[in-house]
Amino acid sequence: MVNKIKTDIVIAGCGVSGLFAALNLPRDKKIHIITKAKKEESDSFLAQGGICVLKSPEDFEDFYNDTLKAGHFENNPESVRNMISSSREIIEALVSLGVDFERDEKGEFEYTREGAHSKPRILFHKDETGKEITSRLLDRVLSLPNVTLSENTTMADILKDGDTCYGILCHDDAMNFTEIHADYTILATGGIGGLFRHSTNFPHLTGDSLAIAIKHNIEIKDISYIQIHPTTLFTKEKERSFLISESVRGEGAILLNGKGERFVDELLPRDVVTKAIYEEMEKEDSECVWLSLKNIPIEEIEAHFPNIKKHCLEKGFDITNDNIPVVPAQHYFMGGVKIDQDGKTGVSHLYAAGETACNGVHGKNRLASNSLLESLVFAKRAATDISNNYTHLPERTFYIDIENYRDYREEYKKSVKDKIDKEKRI
């Protein structure tokens, strides 16, 4: 027995891209958001460092070139320009929604710098910028009378007839299935970290939208472009890797080998720093390297990195005095379901946003703190395109054979892994 629901727009995922899309859609449209776990368990909540912004028109070309250089010049220039050009507008929208970025004594924004940035242009809220932004968006979305949010609900498939999407098929934890019919569908299910042994992502993020795209021959892009973050707290316990934000290195932290020697410029792009760490670990036959924050004043550590300090203390390390063991871990997915500048996929009435989607903005390697910005910019563009071109779909009846979905989750994971491996070989 499959339950059926009719709404106007369905959004799979409640990270910043799904939430911001909902906030920018018409208030007279019924919106149904589903999320695979609890509403607070999206990777958007975990983002520590900050969000990039164009500080002044004079910084445009440097910001643009920094993004391209980090992406090995495989970025889509149009996507990069659209992201940077929209950044001030996005920050103003966030502030109007109550997002609290750090400010100086005069009330002006404070900016920090991270690896591969030629200058400070990153706004932040302590070391929990993602939590600050996402929680504000979530509160505002939950206050909207036209929005329904279903937790612990997994997307199993899209409802597709010909070249048109009519909604999604989903189920709860008890495997009770529901068809959600909608005029428009937005895929915003996050990344693929759950496919990896060591990842900073929540383990339930297993590339569900990507697997469904592969199943339906929907075009995907740059699927082998997977970013490894250089510094996560080393532990032998089986748990999600705890990120040590790149802004720590931006503020002066240095990387050391087992002999206490510095071996790399910490502000190089993430993939370059990661390669240097792996080489040093191999040279020393070690499981980790060490990060020293002794160059950063204690009062700055306590003000800027309280969550990192607290977590490390719980693991037995005082970051104001101790060198802390760090190791690279899977962090971000630059590829995804291919979209255009308005978030449209190759299927009519089907959009994608956030880490699920790929318009080439990041190229082969994402510049630090561009993820929140990119997700918000293109989520809004998708919502605007839907709003400006809204058309109703006729009713369709779908025959759903539930038995075909009993073991689909492991099959979906395997399909994504196989596709990534094939692209890497190519």
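This report describes a small sheet, a pair of crossing helices, a covered helix and the cysteines of a predicted model.

## A sheet of three strands

Strands of a sheet pair through backbone hydrogen bonds, and this pairing can be either parallel or antiparallel. In this predicted model, one open sheet is built from three strands in the order β11-β16-β18, and the pairing within this sheet is mixed. Strands β11 (220-221) and β18 (357-358) stand at the edges with a single partner strand each, so one side of each is left without a neighbour in the sheet.

Strand β16, which covers residues 336-338, pairs with β11 in the antiparallel sense, and two bridges link these strands. In one of the pairings, I220 has V337 of β16 as its bridge partner. Helix α6, made of residues 208-215, packs on the sheet and touches both β11 and β16, while the direction of α6 makes about 45 degrees with that of β16.

## Two helices that cross

Helix α4 (residues 87-96) and helix α11 (residues 371-388) have axes that come within 10 Å of each other and cross at roughly 90 degrees. Because of this angle, α4 counts as roughly perpendicular to α11.

On the α4 side, the residues that take part in the contact are S87, E89, I90 and L94, and these meet L373, L376, V377 and K380 in α11. Sorted by class, the contact between α4 and α11 consists of five nonpolar residues, one polar residue and two charged residues.

## A covered helix

Is helix α1 (residues 16-23) mostly covered or mostly open? Helix α1 is mostly covered, since eight of its eight residues are buried. The buried residues are V16, S17, G18, L19, F20, A21, A22 and L23.

Several elements contribute to this cover, including the strands β2 (9-12), β3 (31-34) and β10 (184-187), together with the helices α4, α5 (129-142) and α11.

## Cysteines without disulfides

A disulfide is a covalent bond between the sulfur atoms of two cysteines. How many disulfides does the structure hold? The structure holds zero disulfides, and two of the cysteines can be followed in detail.

For C52, the closest cysteine sulfur belongs to C358 and lies 18 Å away, which is too far for a bond. C52 is also buried, with a relative accessible area of 0%. For C170, the closest cysteine sulfur is that of C165, at 12 Å, and this distance too is too far for a bond. C170 counts as buried as well, because its relative accessibility is 3%, and the cut-off for buried is under 20%.

Notes: Residues are numbered from 1 along each chain as its sequence is written. This is a predicted model: local features need pLDDT of at least 70, side-chain atom pairs count only at pLDDT 80 or more; totals for chains, interfaces and linings use all residues. Side-chain values use heavy atoms; hydrogens and water are left out. Two strands pair if DSSP finds at least two bridges between them. Helices (H or I, at least four residues) and strands (E, at least two) are DSSP runs, numbered from the N terminus. Contact means heavy atoms within 4.5 Å. Axes are lines fitted to C-alpha atoms, for helices over the stretch in contact, and angles run from 0 to 180 degrees between N-to-C directions. Angles under 35 degrees count as roughly parallel, over 145 as roughly antiparallel, 65 to 115 as roughly perpendicular and the rest as oblique. Ala, Val, Leu, Ile, Met, Phe, Trp, Tyr, Cys and Pro count as nonpolar, Asp, Glu, Lys and Arg as charged, and the others, Gly among them, as polar. Buried means under 20% relative accessible area, exposed over 50%, partly exposed in between (1.4 Å probe, protein chains only). A disulfide is a pair of cysteine sulfur atoms within 2.5 Å.
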